[in-house]
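Could you walk me through a few places in this structure, from single residues to an enclosed space? A friendly tour in plain paragraphs would suit me well.

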Amino acid sequence: MPYSVDTSFPLQLPGKCIINNQTTTKPLTTNHKGTTLRHDSSKPCFRWATTLLRECATAITEKNSSTTNHLLWLLNELASPYGDRDQRLAYYFLQALFAKVNNKTSLWYETLKCVEEKYYCFNDKMKLMLKFQEVSPWTTFGHVASNGVILEALEGETNNNLHIIDLSNTLCTQWPTLIEALATRFDETPSLRLTLVVTSNLVEILVNEVSQRMEKFARLMGVPFKLSVISGLDYLEELKIEDLGLQNDETIVVNCIQALQRVQVDKRGIVLDKIRSINPKIVTFVEEEVNLTTTSRNDFAKNFEECLRYYDIYFEMLEESFGLISNDRIRLERERSRNIIRVLACDDDDNSETYWMPNISSEWTKEILMHGFLPCKYSDEVIGDVKALLRRYRVDGWRDRWVISDWKRSEGKAGTFKHTAGKWSGDPDDKGIQTHNDAKHFAISAKIPELSNKDRTLVIQYSVKFEQDIECGGGYLKLLSGYVNQKKFGGDTPYSLMFGPDLCGTQTKKLHVIVSYQGQNYPIRKELECETDKLTHFYTFIIRPDATYSVLVDNREKDSGSLYMDWDILPPRKIKDVKAKKPADWEDREYIDDPNDIKPKGYGSIPAEIPDPKAKEPDTWDEDEDGIWRAPKIPNPAYKGPWKPKKIKNPNYKGKWRTPWIDNPEFEDDPDLYVLRPIKYVGIEVWQVKAGSVYDNILLCDDPQYAKQIVDDYFINNREAEKEAYEEAEKHRKAKEEEEARIAREEGERRRRDRDHRGGDRRRHRRHDPRDYMDDYHDEL
């Protein structure tokens, strides 16, 4: 029987409605950013890994050493941490079986622990968790359900202070969505106090980093927020209630995401009693469902079977969510390897900080109800949120979020899109949507939660990669407001902002920034240029409440300014006074003649030229014929040119007269000039001669630093790999072109030889013509 991934129990104290809890009956596994597959046990197929592992476990139970050694050798030959699902499953279970047979459990376990601690990095851990949540509902399913019931528990409370006691080790990835909901759902924003109870040394080291990010996010959302940490606990049952600092004016919620399974079975009652004594409004439990309790642990074969079934599902989910060579997949599998060894090889009395002991749904429910808790009903709204979340992970899930328009389809001019990382990519798992079919119109849109930038900075950012020789076409993005019929979305659909590159030939490589104001579109007056190569580039537009803006390409500022100055949206604040005239007494001469400077006597009698004293009359000169000889003129060295009085500073100089600026009577300021109409859709509507543009990483937010970090992370992790993939693709393309050219040349040569051969045969076999003697005659001539 398949096992569910998560079982959620939103519980509250007695006195509320009691219903039967509902659990997932089949596991969900997800493909890259959206493919959902279900485990279908009705279709038998041979799985060598599970078969050999079961036989080996049976041999160990029966203490058949020869069979055990043979199977261990065989599994060792077949297993690999970099292969397919069966090879990986065999590899990590083989570690546990080796440790079990050789009684080296502690050594193997401590080695894995030391390796994890040595290479532990907060940023990498956080990215891994976020990536996992992006491609799989394994953890986010419980987060969404828990947040939903927490928000409903706060409704109707007289106090406006929410205190969440979080017993989970999830690095607070659950809480940003809750904070955002607190900021928008309630008329008066509640204050949030979050108490983290930390039992892992590694997590304890990272708490400071998490708290800083959480506090910054809460400030951005306008939610009063305080975070406190209770650390230094080896086990959860060591928690002291007085350390929580409970207050009477708080609505208390306890959140347990996979917390009880880290508590020893005989200690769980202590933890539940402590939670009950806090008297919380609601308690949320999310636990993995697999029978690994003490009863099954006494039977190695049964314990092995339960563990194998569970991890077979988990590895199947990872296979569908990540690529074969994904480093994220390898890291997630290695994290789980410690639990496999802990469950299969360690004894109950082994001292370890990690204790993973989940149970089946009915046993979880029974144990929780025994300690005074009652299940409460999920509301239709929470169920709807969970269903919406799961729809994101269905097959071709991007098609659930994006709607391809039928615009131009009846004319045969509409293109399509495909979900791909492109021909060359830094991360094959990071897929975008790519235009498909040449010489077509492309139109696609996605609906988003309504977004307003009133009193907030708005950041629009996305990446586009022109894999094709685009020749002529756009690569821009549109933000749409109001109601949009997405199946009819097209070039005439009104938009609030259009931003991105537009190329045509070698001359046009424009970067559009077009803002809509009161129903009219206004393009930026500056000429901005976009990138034209075939790699991924990020385009960012930031608009602030003071009406200033910035345009960035790959985190480099391309331009900045003001909506007042660089768009013709409003008339200018100041205009030149066309009626103004220069005053008659305005002195704009900086220098004037010195009235006290007098021309020297005799200055004007000095000629500019004088006869050349060195010149002589030629001997051949005849006065009767040539006239009187006169010496040629030369410049007079004593001549100083025409006399001019000296220049002095004009004491009445007022500067160059300029037409004065005056207030424009037609200007009427709009303090909300920067405010776009509430954004409800993101759309792509372009025409391309050649298709192949990959859109990805679309981001709308109010934090420029977060957007910057997204770009930095991409360039650090993917840029070099993308360049290498592009260069390799170019080598293959050139090699293919050279091969095709070679084949074409050889084919041309073959055809020429065949043509010449056929022509020679015709000449040899044609009938003799008596007139051919004329050819001999002409040859003789």
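What follows looks at two residues and then at a cavity.

Please keep in mind that this is a predicted model. Let us begin with F217, which sits in helix 8, residues 201–221. Its relative accessible area is 26%, so F217 counts as partly exposed, given that this class lies between the 20% limit for buried and the 50% limit for exposed. Setting aside neighbours within four places in sequence, F217 is in contact with P176, I179 and E180. The last of these, E180, is 37 residues from F217 in sequence, and their C-alpha atoms are 9.0 Å apart.

Next comes E237, in the loop that runs between strand 6 (225–230) and strand 7 (251–257). E237 is buried yet forms no salt bridge. The nearest side chain of opposite charge belongs to K267, 5.4 Å away, whereas a salt bridge is counted within 4 Å. Beyond residues up to four places away in sequence, E237 touches V263, K267, I270, V271 and K274; K267 is thus one of its contacts.

Finally, let us turn to the enclosed spaces. Searching the whole structure gives five cavities of 30 Å³ or more, and the second largest has a volume of about 140 Å³. It is lined by 17 residues, of which D430, K465, T536, D696 and Y714 are the closest to its centre. Where does the lining of the second largest cavity come from? Strand 14 (458–466), strand 30 (693–701) and helix 18 (704–765) each contribute at least two residues. By character, this lining divides into five nonpolar, seven polar and five charged residues.

Key
Residues numbered from 1 in each chain as written. Predicted model: local features only at pLDDT ≥ 70, side-chain atom pairs only at ≥ 80, totals over all residues. Heavy atoms only, no water. Helix = DSSP H or I, 4+ residues; strand = E, 2+ residues; numbered from the N terminus. Buried < 20%, exposed > 50% of the residue type's maximum accessible area, 1.4 Å probe, protein only. Lys, Arg positive; Asp, Glu negative; His and termini not counted. Contact = heavy atoms within 4.5 Å. 1 Å grid on protein atoms, 1.4 Å probe; cavity = no way out; pocket = protein on both sides within 12 Å on 5 of 7 lines; lining within 4 Å. Points joined across faces, edges and corners; volume = space filled by probe spheres on them. Nonpolar A, V, L, I, M, F, W, Y, C, P; charged D, E, K, R; others polar.
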